[in-house]
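Visitor: I have the sequence and the model open side by side. Could you walk me through some of the details?

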Amino acid sequence: MGEGGIRKSLVKDINLLEYFDVLKKRLWIIVLVVLAATTAGYYYSQSNNVSLFQSSTRVIISSDSEYMKTLMVMIKDPIIMAQVIEDLQLPTSPQGLAGKIGVSRIDESQVVQILVTDTDPQQAAQIANATAQKFKESARSILAFEEVQLLSEATVNPSPINESQNRSVVMAAAIGLLAGVGLAFFLESLDGTIRREKEVEEILGIPVIGIVPNLNKKKLFLQKKQITITKTGGEIVDIKQKAAGSER
């Protein structure tokens with residue numbers, strides 16, 4: 001590696017150390033911002049997200065394809081929905097109940113699935129079973145169709161299908177981390193305290209031979225013109241400050 005490459009590597013290492021020092025110094029700010037953002041994200045997800053549950057039952061319809069389509073449409077008919085609402089005493093309309101129900105044929109077979117989505121897992125199972133039963137009774141009474149058999153009963157599924165609410169919390173924490181880091185560097189840029197010799201050299205344009213603690217950048221700029229350097233043989237031997245009334 002050439003001399004130029006070594007210098008670039010050293011500068012990069014120094015910059016990384018400076019960044020690390022800033023993060024370490026302002027760590028408490030970053031932690032507070034992350035905690036605040038995570039808490040806000042959690043409460044937002046809790047207040048705006050409603051858990052949904054699904055339950056399904058299956059029936060066998062022994063019929064040809066064309067007639068089966070008619071029977072499948074009949075499952076969500078307002079007449080059957082009204083009967084389910086009456087049996088379960090549901091506070092909804094036939095159209096509202098039909099919106100919670102999905103009907104699908106499994107693998108082009110005679111098995112039809114009735115899938116119900118609801119905010120209550122027990123109610124979802126009850127709706128699925130009641131719909132299947134009312135459909136079987138209505139097919140017999142209205143169409144004189146006897147070839148509907150209940151294959152499997154719906155059971156309660158306690159696990160919600162929309163557990164992705166945790167994603168909102170994670171995203172809020174990530175945004176809080178970015179905001180905290182940005183705030184840390186912003187506050188650091190507003191801090192006028194000089195902490196490194198390199199800053200003194202850049203401001204005064206002279207090499208550092210000593211360190212003055214708690215020196216502010218603004219004061220240093222004001223005193224820049226008051227500093228004279230006496231050199232002998234190219235070496236710094238003395239630094240004097242000119243002050244009003246100090247000349248003899």
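Visitor: Let's begin with E108. Is E108 buried or exposed?

Guide: Happy to start there, with the reminder that this is a predicted model. The relative accessibility of E108 is 66%. Since the cut-off for that class is over 50%, E108 counts as exposed.

Visitor: Where is E108 found, and what is its phi?

Guide: Look at the loop between β2 and β3, where E108 is found. Most residues other than glycine have a negative phi. E108 is a residue other than glycine, yet its phi is positive, near 55°.

Visitor: Q89 also caught my eye. Where is Q89 found, and what is its phi?

Guide: Q89 is found in the loop between α4 (78–88) and α5 (94–98). With a relative accessible area of 63%, Q89 is exposed. It is not a glycine, but its phi is positive, at about 55°.

Visitor: Now the sheet. In what order do the four strands come?

Guide: The sheet is open and its pairing is antiparallel. Its edge strands are β2 (101–105) and β4, each of which pairs on one side only. Neighbouring strands are turned by 30° against each other on average, direction ignored. Reading across the sheet, the order is β2-β3-β1-β4.

Visitor: Which residue is the bridge partner of S104 in β3?

Guide: Strand β3 covers residues 111–118, and β2 pairs with it in the antiparallel sense over five bridges. Within β3, the bridge partner of S104 is Q113.

Visitor: Which helix packs on the sheet?

Guide: The helix in question touches β1 (53–61), β2, β3 and β4. Its direction makes about 20° with that of β1. It spans residues 121–143 and is helix α6.

Visitor: How do α4 and α6 cross: roughly parallel or oblique?

Guide: Their axes come within 9 Å and cross at roughly 130°. The contact is made by residues including I80, V84 and L88 of α4 and I127, T131 and F135 of α6. As for handedness, α4 passes α6 in a right-handed crossing. An angle of roughly 130° is not over 145, the cut-off for roughly antiparallel, nor within 65 to 115, so α4 is oblique to α6.

Visitor: What about L150: which strand does it lie in, and which residues does it touch?

Guide: L150 lies in strand β4 (residues 148–152). With 41% relative accessibility, L150 counts as partly exposed. The C-alpha atoms of L150 and Q133 are separated by 7.8 Å, with their positions 17 residues apart along the chain. Not counting residues up to four places away in sequence, L150 touches R58, V59, A132, Q133 and K136.

Visitor: Which residues form the aromatic pair, and why is it edge-to-face?

Guide: The structure holds one aromatic pair. Y67 and F145 have ring centres 5.5 Å apart. Their planes are at 70°, and since angles over 60 fall in that class, the pair of Y67 and F145 is edge-to-face.

Visitor: How many residues apart are Y67 and F145, and is F145 buried or exposed?

Guide: Y67 sits in helix α3 (residues 65–74) and F145 in the loop between α6 and β4, so the pair links distant parts of the chain, 78 residues apart. Y67 counts as partly exposed, at 29% relative accessibility. F145 has a relative accessibility of 11%, and since the limit is under 20%, F145 counts as buried.

Terms used: Residues numbered from 1 in each chain as written. Predicted model: local features only at pLDDT ≥ 70, side-chain atom pairs only at ≥ 80, totals over all residues. Heavy atoms only, no water. Helix = DSSP H or I, 4+ residues; strand = E, 2+ residues; numbered from the N terminus. Buried < 20%, exposed > 50% of the residue type's maximum accessible area, 1.4 Å probe, protein only. Contact = heavy atoms within 4.5 Å. Pairing = 2+ DSSP bridges. Axes fitted to C-alpha atoms, helices over the stretch in contact; angles between N-to-C directions. Phe/Tyr/Trp six-rings, centres within 6.5 Å; stacked < 30°, edge-to-face > 60°. Parallel < 35°, antiparallel > 145°, perpendicular 65-115°, else oblique. Left-handed = near helix turned anticlockwise from the far one by under 90°.
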